[in-house]
Amino acid sequence: MEFEAIPGVGEKTAQSLSELDDAERALAAGDVAALARAPGLTEGRAAAIARGAIRRRHGDDGGFLATDRAREVYRDVLSLLRERTVTTYAEKRLETFFPTASQSRIEEVRGFAETAMERDPDPTVLDALDGVGSLEPASGIRVRERCLATADAERYAAAKDAFPELSVEVVEDARGLAELARSYATVVALDEEFAGVDVEGDVRVRPDAEEHPDDIVPERALAFFAQNRGRIRAAADVHEAAGMEAPCDLDSLRDALTRLDDDGTVVGDEELDRLTNAVDDVDAAASTAESVANDHLRDAIRERDVTIEGTDFLSLVEQGARVDSLLSRELEDQYAGAVAAARDHLVESLSLRPEEADIAARVFSDDPSFPVGYDEETLSRLRTELKAGRDRRAVRLKRELAADLSALRDPVTEMVTDALELDVELAVSRFAREFDCTMPEFVDGGEGGRGGPAGFEIEAGRSPLLDVPFEAADPVDYGVSGVTLLSGVNSGGKTSTLDLVALVVVLAHAGLPVPADRVELERFSELHYYAKSQGTLDAGAFESTLRDFRELVDGETNRLVLVDELESITEPGASAKIIAGILEALDDQSTTAVFVSHLADEIREAAGFPVAVDGIEAVGLENGELVVNRSPVKNHLARSTPELIVEKLAGEDTSGFYDRLLEKF
Ligand SMILES: Nc1ncnc2c1ncn2[C@@H]1O[C@H](COP(=O)(O)OP(=O)(O)OP(=O)(O)O)[C@@H](O)[C@H]1O
């Protein structure tokens, strides 16, 4: 990938980009979201790069928007669309829609947009979309109880790459392996040569480890699903709410997800819960069992009269026996009962299974003693046994769930992508519905006997970018082919008309629907839109503006040129001559141009060809306010506001003064 060739990417950036594998992959896929995750890239930059990449793929260098004002209109259009997305993914993805002269690109997006417009922007779907986002690779996993071992340096490096979650150790021989097995619960040996080696501990030989990552590190798949759980569930909800067919069974997916904790541990397994609780409670249970035994024995002793014959007692005293032997002689049954109660307590309170209960039985000795005490060593064995059981169970469950979830990884990725793409479609659908859009029709220029450019024809166009609410916008009909002047009363809507034309042309060339009842237009090569200049230019600025227009009249054919009141750049007389000259040059090419001007008469006089003039007319004055017909009238020089006022006064006054004034217009 040659990043230098992408518009907007400098040499230094290109150099650092060329080192990013992820970015390259994302570029190839045109996936802005993935691209934005590449280290060192901001989202804006990522979007720009992806846009550039797509343009390049379509052989378009992005030159369609030829002026600042044209780019501004595109940005405004984009904002209207982006405001109608729910996810950040869709917001960024919309930036890959841009106006172009490339027919194939326009066709591609038109196909997408036509499907999108059919989509019902149901509020429940939009709600569900709120939780959807691009899936993130699992992060922050570190497994300490398992390690990989190899004797091969190359394998060592490969394993370190493939399993960043595990320690990878170099071992020379069986002795090294045995040593490792003492420090880790499980050692996975990567070399075939270790297959026959007999080492104590949990040592597995898996030369194929890299091919079964979920088997070696089930934590990876679990963390991926745990960390993306909210997004996955939301994507499943979107599919249901929108009635879309999901690529996997949603009930089993949801079921698998409920078996996962936020940190990727498996929950909801009775046996694992039992073992975990037993490990946690074993010390407390032993103490309680001890108390149970002592209470039991104390009560028994208290309740019993001990009778002992004098000779026996004497012999005991002479032997120096302590009370223990008295206990074993006289209270054997009571002691046995107390110990049995202690054992029962251990077994019951920890819900021990028979094998575990066997060890638990030995925690309390059969040899009578008072007070009764548990055997620390045996208790520790019980603890170790329970812990080992718990860990074995946990790993097995992890492996099983990881296997279930791994099988779901691809369908889930597809499901999330589909949900995110739906958001893009819904944004287009909402845009089209809210602004009463239709798909524009492209017609060929120079055909139908007209010879010249086909230009554009808009029927009932309403701009969502007007400074009045969309509902209050008057529909505008306007069509131009060739070079035309647009005249009209002050504040009649001339600038708004140019804006509407630019908006429609930008959307149409982006393959998107347009806010009008019907639009026909040719496929323009470029859009040049010059906004009204803020007052008279100084000599330097005037010169540079003239240079711009020099380039304009020398550029590609089939352009659309929109210019707002160019006359204000210098004094009226000179302006009219300059505009006339530019119009002549544009007329010689197949250019469609609309020049808004108050100097239509003067320009026409200065031009060496019959320039068409359209006019936005005031149909009258109502309470001192102009009533305007927003649709320009073809081949009609609109009367100016002063003329209308003089005309009004002439009607009210009989002196003849205003009549004579009116004749001067
Ligand atoms: N189609 C429309 N529907 C409703 N309101 C409109 C429409 N077009 C223009 N307007 C209103 O008229 C105002 C003036 O429009 P605009 O600035 O386009 O006129 P103009 O003819 O370019 O004015 P000027 O002669 O000062 O350059 C707009 O701010 C807008 O509020």
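**Domains, nonpolar cores and the surroundings of strand β8**

In this predicted model, the domain assignment divides the protein into domain 1 (1-57), domain 2 (142-216), domain 3 (270-391) and domain 4 (442-639). The C-alpha centres of domain 2 and domain 3 are separated by 44 Å. According to the UniProt record, an unreviewed entry, the feature "domain: DNA mismatch repair proteins mutS family" is placed at residues 481-665. Within residues 481-665, helix accounts for 39% and strand for 21%, and the C-alpha atoms at the two ends of the span lie 29 Å apart.

The largest nonpolar core comprises 136 residues, among which Val-501, Ala-502, Val-504, Val-505 and Leu-527 touch the most other members. Helix α20 (residues 376-434) supplies the largest share of this core, namely 20 residues. Because both domain 3 (270-391) and domain 4 (442-639) contribute residues to this core, the core lies between them. Apart from residues up to four places away in sequence, Ala-502 touches Ala-70, Val-73, Leu-527, Tyr-529 and Leu-562. A second core of 20 residues, separate from the one just described, includes Phe-163, Ala-209, Ile-216 and Val-217. Such groupings can be set against the general tendency, in soluble globular proteins, of nonpolar side chains to be buried together.

Attention then turns to strand β8. Six of the six residues of β8 are buried, so the strand is largely enclosed by the rest of the structure. Both of its faces are covered, with Val-483, Leu-485 and Ser-487 buried on one side and Thr-484, Leu-486 and Gly-488 buried on the other. The pairing of β8 involves strand β12 (residues 592-596), to which it is joined in parallel by four bridges, and strand β13 (residues 612-616), to which it is joined, likewise in parallel, by five bridges. In the pairing with β12, Leu-486 has Val-596 as its bridge partner, whereas in the pairing with β13, Ser-487 stands opposite Gly-615.

The UniProt annotation "binding site", taken from an unreviewed entry, covers Gly-488, Val-489, Asn-490, Ser-491, Gly-492, Gly-493, Lys-494 and Thr-495. Of these annotated residues, Gly-488 belongs to strand β8 (residues 483-488), while Ser-491 is located in the loop between β8 and α21 (494-509). Gly-488 counts as buried because 30 C-beta neighbours lie inside 10 Å, a number to be read against the cut-off of 20 or more for a buried residue. Ser-491, by contrast, is partly exposed, since 14 other C-beta atoms lie within 10 Å. When neighbours within four places in sequence are left aside, Gly-488 is in contact with Lys-494, Gly-615, Ile-616 and Ala-638; Lys-494 is itself among the residues covered by the "binding site" annotation.

An open sheet is formed by four strands in the order β5-β9-β6-β7, with mixed pairing. At its edges stand β5 (441-442) and β7 (476-480), each of which has a single partner strand, so that one side of each is left without a neighbour in the sheet. The edge strand β5 runs parallel to strand β9 (residues 518-521), with two bridges joining the two, and in this pairing Glu-441 stands opposite Glu-520. Helix α21 lies across β6 (456-461), β7 and β9, and runs at about 110° to β6.

Note on methods
Residues are numbered from 1 along each chain as its sequence is written. This is a predicted model: local features need pLDDT of at least 70, side-chain atom pairs count only at pLDDT 80 or more; totals for chains, interfaces and linings use all residues. UniProt positions are given in the numbering used here, feature names are shortened, and annotations may be inferred rather than shown by experiment. A residue is buried if 20 or more other C-beta atoms lie within 10 Å of its own, exposed if 12 or fewer, and partly exposed in between; C-beta atoms are placed from the backbone. Two residues are in contact if their C-beta atoms, placed from the backbone, lie within 7 Å. Two strands pair if DSSP finds at least two bridges between them. Domain bounds come from an automatic or database domain assignment. A nonpolar core is a set of buried Ala, Val, Leu, Ile, Met, Phe, Trp, Tyr and Cys residues joined through C-beta atoms within 7 Å. Axes are lines fitted to C-alpha atoms, for helices over the stretch in contact, and angles run from 0 to 180 degrees between N-to-C directions.
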